[in-house]
Amino acid sequence: MQNPQEVQSVAAELARRMAAGRRSLATTSAKETPVGVILGTGLSGLAEKMNDPIAVPYAELPGFPASSVASHAGAFVCGRFPARCGEDDGQGRTALIQQGRCHLYEGRNPAEVCMGVRVMAAMGVRTLIVTNAAGALNPNFDVGSIMCMSDMINHTGATPLAGPNCADWGPRFPDMSEPFDPDLRALALETACKMGLRLERGVYIGVHGPEMETPAETRLYRQWGADAVGMSTVLEVIAARHLGMRVLGLSCLTNKNRPDCMTPTPLEEVIAVAQTTGKQLGRLIRALMTKL
């Protein structure tokens with residue numbers, strides 16, 4: 001499902017709002033292109049670390065889908081991450097942040113789920129950092145850890161590429177042999193190591209939701225090779241790769257699925273862990289910004 005006219009309309013309005021706030025995403029070199037960041041459940045606080053941010057609520061962008069999830073702020077935020085904490089010496093990196101997303105389980109279609117990614121691409125973003133809150137399937141991973149996605153499984157039953165292809169965006173059959181950019185993954189691991197931050201590596205499986213996994217499903221996903229499970233991200237990555245974007249995926253592991261002793265995982269608990277782990281994730285993303 002590809003919607004170029006709707007995407008261009010939203011991008012034009014977003015650019016107009018940014019210009020009105022004296023924030024332009026126009027660039028003169030590849031190194032100055034904005035980095036896109038999608039913030040998942042409980043992770044919206046990263047935008048507060050930017051200098052002179054300009055926020056545009058989704059509700060003010062005609063045709064852009066708003067999230068119904070309470071922990072998703074629902075705005076595009078554009079600003080600059082300083083090269084050094086607390087300073088703005090002009091050497092930082094401009095970022096376009098999507099504070100929250102919509103999901104298939106909200107009744108949205110794949111085109112709506114991926115509109116944010118496609119708008120970012122229309123705004124000049126070529127590198128995308130996508131984050132989420134996920135449940136750990138790998139028994140060696142701890143709650144509160146961060147996982148760098150090495151690969152993914154789309155188990156949603158949907159794709160944003162169904163229907164007529166927009167050739168201006170990408171090929172009819174895009175390659176997915178490397179959904180997550182190996183150089184970005186290596187950079188994230190190196191940066192985390194220097195920060196003294198443990199970064200797990202694993203396969204993320206995206207499911208439709210909103211129900212949580214049964215013990216049998218948990219065993220199945222683990223047998224498939226999945227290390228973490230969530231209800232987002234995979235369609236966004238497909239759309240981003242179709243557009244030729246480089247993608248880095250980072251998951252906050254908010255709970256642990258033990259199929260032999262499953263316990264309920266309330267949303268409030270997921271959000272609380274995501275907010276705590278999100279502080280470490282935010283440090284990592286800020287450190288990566290001037291290296292991208």
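Reader: Which strand is D52 in?
Author: Keep in mind that this is a predicted model. D52 isn't a glycine, yet its phi is positive, near 50°. Its place is in a strand that covers residues 51-57, and that strand is β2.

Reader: And where does P210 lie?
Author: P210 is joined to G209 by a cis peptide bond, with omega at about 10°. On one side of its loop is β7 (199-207), and on the other is α5 (215-223). So the place to look, as the record of elements goes, is the loop between β7 and α5.

Reader: Let's turn to the helices. How do α1 and α3 lie to each other?
Author: Helix α1 takes in residues 4-20 and helix α3 residues 115-122, and their axes are 9 Å apart. The two pack at an angle of about 60°. Angles from 65 to 115 degrees would count as roughly perpendicular and those under 35 as roughly parallel. The angle of α1 and α3 fits neither, and the two helices are therefore oblique to each other.

Reader: Which residues make the contact, and how do they divide by class?
Author: From α1 come E6, V7, Q8, V10, A11 and L14, while α3 brings M115, R118, V119 and A122. The crossing they sit at is right-handed. Sorted by class, the residues of this contact come to 7 nonpolar, 1 polar and 2 charged.

Reader: What about α4 and α7: at what angle do they pack?
Author: Helix α4 is residues 182-195, and α7 is residues 267-289. Their axes are 10 Å apart, and α4 passes α7 in a right-handed crossing. The angle at which they pack is about 115°.

Reader: Which residues of α7 are in that contact with α4?
Author: On the α4 side you'll find L187, A188, T191, A192 and M195. By class, the whole contact has 7 nonpolar, 1 polar and 1 charged residues. The α7 side is made up of R283, L284, A287 and L288.

Reader: Now for the empty spaces. Which element gives the most to the lining of the largest pocket?
Author: The largest pocket holds about 420 Å³ of space, and 23 residues line it. At least two lining residues come from each of β5 (127-136), β8 (228-230), β9 (246-256) and α7. The top contributor gives 4 residues, and that is β5.

Reader: Which residues are closest to the centre of that pocket?
Author: By class, the lining has 10 nonpolar, 11 polar and 2 charged residues. Out of the 23 in the lining, the ones closest to the centre are T41, A133, M212, M231 and V270.

Reader: How many cavities of 30 Å³ or more are there, and how much space lies in the largest?
Author: A cavity here is a space where a 1.4 Å probe fits but cannot get out. The structure holds 1 cavity of 30 Å³ or more. The space in the largest cavity is about 70 Å³.

Reader: Which helix supplies the largest share of that cavity's lining?
Author: The lining is R101, C102, H103, L104, V113, T156, M231, S232, T233, V234, L235 and E236. By class, these divide into 6 nonpolar, 4 polar and 2 charged. The largest share is 3 residues, and it comes from the helix at residues 234-242, which is α6.

Conventions. Residues numbered from 1 in each chain as written. Predicted model: local features only at pLDDT ≥ 70, side-chain atom pairs only at ≥ 80, totals over all residues. Heavy atoms only, no water. Axes fitted to C-alpha atoms, helices over the stretch in contact; angles between N-to-C directions. Parallel < 35°, antiparallel > 145°, perpendicular 65-115°, else oblique. Left-handed = near helix turned anticlockwise from the far one by under 90°. Contact = heavy atoms within 4.5 Å. Nonpolar A, V, L, I, M, F, W, Y, C, P; charged D, E, K, R; others polar. 1 Å grid on protein atoms, 1.4 Å probe; cavity = no way out; pocket = protein on both sides within 12 Å on 5 of 7 lines; lining within 4 Å. Points joined across faces, edges and corners; volume = space filled by probe spheres on them.
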